[in-house]
Amino acid sequence: MRVLAAMSGGVDSAVAAARAVDAGHDVTGIHLALSRHPQSYRTGARGCCTVEDAGDARRAADVIGIPFYVWDLAERFHTDVVDDFVAEYAAGRTPNPCVRCNERIKFAAVLDRALALGFDAVATGHYARLVDDPGGRELHRAADLGKDQSYVLGVLTAEQLAHALFPLGATVKADVRSEAARRGLAVAAKPDSHDVCFIADGDTAGFLRARLGARPGPVVDGESGVRLGGHDGAYAYTVGQRRGLRVEAPTADGRPRYVLDIEPVSGTVTVGPHDALAVDAIEASRPRWCGPAPDPDHATLACTVQLRAHSQPVPVRAEVAGDQLRLFLGEPVRGVAPGQSAVLYLGTRVLGSATIARTQRLASA
Amino acid sequence: MVAEAVDEMSVRLGEVGNASSLHASGRRARRVVEEARERLASALGARPSEVVFTAGGTEADNLAVKGLYWARRGADPRRRRVLTTATEHHAVLDPAGWLVEHEGADVELLPVDADGVVSLDALDDSLRRDPDSVALVSCMWVNNEVGTVQPVADVVASALAHGIPVHTDAVQAVGHLPVDLAAIAVDALTLSGHKVGGPVGVGALLVRRELDLEPLLHGGGQERDVRSGTADVASVAALAVAVDLAVQRRETQSARLRGLRDDLVTRVRALVADAVLNGPAAPDDCSPAIAHLTFPGCDGDALLMLLDAKGVECSTGSACTAGVPQPSHVLLAMGRDVGAASGSLRFSLGHDSSPADVAALVDAIGPVVERARAAVTVGRR
């Protein structure tokens, strides 16, 4: 196959590209330039958006012995990921920009261009497994559950997965690092990237404040409706958040308060006790299926659902209703934030995902 | 590199000696440097004392622009204007911009026409407006992207009328056009080793003896006290061989390259009907070694990648530090829009280019353009 290897400048995508070569593919490396101002995003080489990262990716391609180019996706990334990120926070939701990037950049803009230019597949350093079953290609969790990234790939459709290659899915991270060292790749010891790649200093609230301005609003007690304090912008809060509430009045029982809800129009941040965070029903929109879509009129799936990156899946009964997915959780879950992905799993297999729109609190809470 | 330059360089790399040393091996090294200086000067109609060896064309351009500006402004503080063209190489544009930022210079970028030829009227207007405030004029001889030959002799005549020195970046001219300092009164001229079949990392600024120049590099003063640094004996020796041979072979080589280039353009346009040739159509007005074409509806980086995979190596212009291709400032100055500027490729020919190279491009270009067009359509979806 002619394979386009997306190389961020990190160790994972470098080893993924090298393995694609070993597997006999005709591989071309590309680095995605995602920043409109490359120097401004990260200081030091921790992320995937700096000039230094582009250089690291180029050196890895040299060592692997593949052609290497830089593709300018800055405008698309800005519109589809950064603007979306800001708009979602402004709407009181908590987006996952990596999901958006996979959905709209890596396996859309990049994949479409790659296919048009004569490539057969896009390879990335994601930790997830593709299993070719007689019934079709399946997306599964990685062997290294600590690094598993199937959650952020759950948004990919069968058509996208048909042209994806995840060469690291069966390997644990430690082995990838030692393999990189063995292959003479200088990025072998490069630290993992964390946080949001386009927020240089990790200060998400500051990034949003610079774009959305001060939007003061009240912090209100969920049970009594009493105003407890104020804030400069609801976008600094996420459902389940405890820190930074700036509420001085103590609770009756002396226990901490958590963000329960964010209402974007009035900017009201509702807070309450930990128990009040528990939800057992979720409405999610825009379902995407990693294989054949279930009957949209009356499908019910008994499976598990993961509600944010790096959380444990819980049993769920998922009802498909047109463009909506209703999730009835087998056990209550705390800190479920609208805007995050709800990814459905059957064992290790990803069935599909949808974006959390609303949650319903436990009747007993 | 041409074989003779490789041979010269290999021999000289094996010899020991610092050309500034006073002992025997120093004298031997110095002799090699001075003979290289004489050979290079003689090939270009200059005097040996006018040759300042540098570490390449970029340094020579920087030395000319900054060195002339500092010296001329030092002699008369009114001289703050730098007149140059909008299509110069970044090795001229960027030092000029730096002078604006840090030294209070006013840079005027003279406009070019659709073929990239500088407006002599604009130059004359600008000079006449206030000649006493002009520090220097810098106008490239041949544009490195589209191959446009500038009317350097006319530029010199205009500036000379006001007693203003002229620098020309002749990196793309030496070996392709007659470059004779005895025949053209430029005050400073940049040349570069690797564009004439010599080594990368060595070049020269030819500077009239009577012209004052402030140095960029201070130290031992090895080159006429305007350029310090231990002489790179092997490189300057190979540079002189390459320049001399390029000048000797110029007429036959230019005719050969012109034939290849015209064949390339004709055959590519026969296959891609809407491909646009950039730069002047008349043979005397453009470099025989450059064919610059716009492929409407294509992204240059996609064309480059697809051609590269077929063994055809070409350029899209410049890239930023991260490697992102940028629309060419030359094409933008020639009045092209960003879309056209982004879908353009430069095909350069050199001493080792052959009809087989042109054939390889002709074989590849049709399907490559078709595919690149399809990819653009996908990208806009």
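Here is a short tour of a predicted model, with stops in chain A, at the A–B contact and in chain B.

**Stop 1: the sheet in chain A.** Start by selecting the strands of the open sheet in chain A: there are five, pairing in parallel, and reading across you get E3-E2-E1-E4-E7. Now pick out E3 (68-72) and E7 (164-165) of chain A, which sit at the edges; each has a single partner strand, so one side of each has no neighbour in the sheet.

Next, highlight E2 (residues 26-33) of chain A alongside E3(A): five bridges join this parallel pair. To see one spot where they face each other, click Gly29(A), which lies opposite Phe68(A) in E3(A).

Then add helix H1 (residues 11-22) of chain A, which packs on the sheet and touches E1 (2-6), E2, E4 (121-123) and E7 of chain A. Compare directions while you're there: H1(A) makes about 170° with E1(A).

**Stop 2: where the chains meet.** Show both chains: 16 residues of chain B contact 15 residues of chain A. On the chain B side, select H9 (300-309) and H12 (355-379), each supplying at least two of the touching residues. What kinds of residues does chain B bring to the side that touches chain A? Colour that side and you'll find 10 nonpolar, three polar and three charged.

**Stop 3: a helix with two sides.** Finally, go to H1 (residues 3-13) of chain B and select Ala5(B), Glu8(B), Met9(B) and Arg12(B), which are buried. Look down the axis of H1(B): the buried residues fall within an arc of 95°, so they line one face of the helix. Flip to the other side of H1(B) for Ala3(B) and Ser10(B), both exposed. To see what covers the buried residues of H1(B), bring up chain B's helices H2 (24-43) and H7 (233-248), which are among the covering elements.

Notes: Residues are numbered from 1 along each chain as its sequence is written. Chains are lettered from A and ligands numbered from 1 in the order in which they are written. This is a predicted model: local features need pLDDT of at least 70, side-chain atom pairs count only at pLDDT 80 or more; totals for chains, interfaces and linings use all residues. Two strands pair if DSSP finds at least two bridges between them. Helices (H or I, at least four residues) and strands (E, at least two) are DSSP runs, numbered from the N terminus. Two residues are in contact if their C-beta atoms, placed from the backbone, lie within 7 Å. Axes are lines fitted to C-alpha atoms, for helices over the stretch in contact, and angles run from 0 to 180 degrees between N-to-C directions. Ala, Val, Leu, Ile, Met, Phe, Trp, Tyr, Cys and Pro count as nonpolar, Asp, Glu, Lys and Arg as charged, and the others, Gly among them, as polar. A residue is buried if 20 or more other C-beta atoms lie within 10 Å of its own, exposed if 12 or fewer, and partly exposed in between; C-beta atoms are placed from the backbone. The arc is that of the directions from the helix axis to the C-beta atoms.
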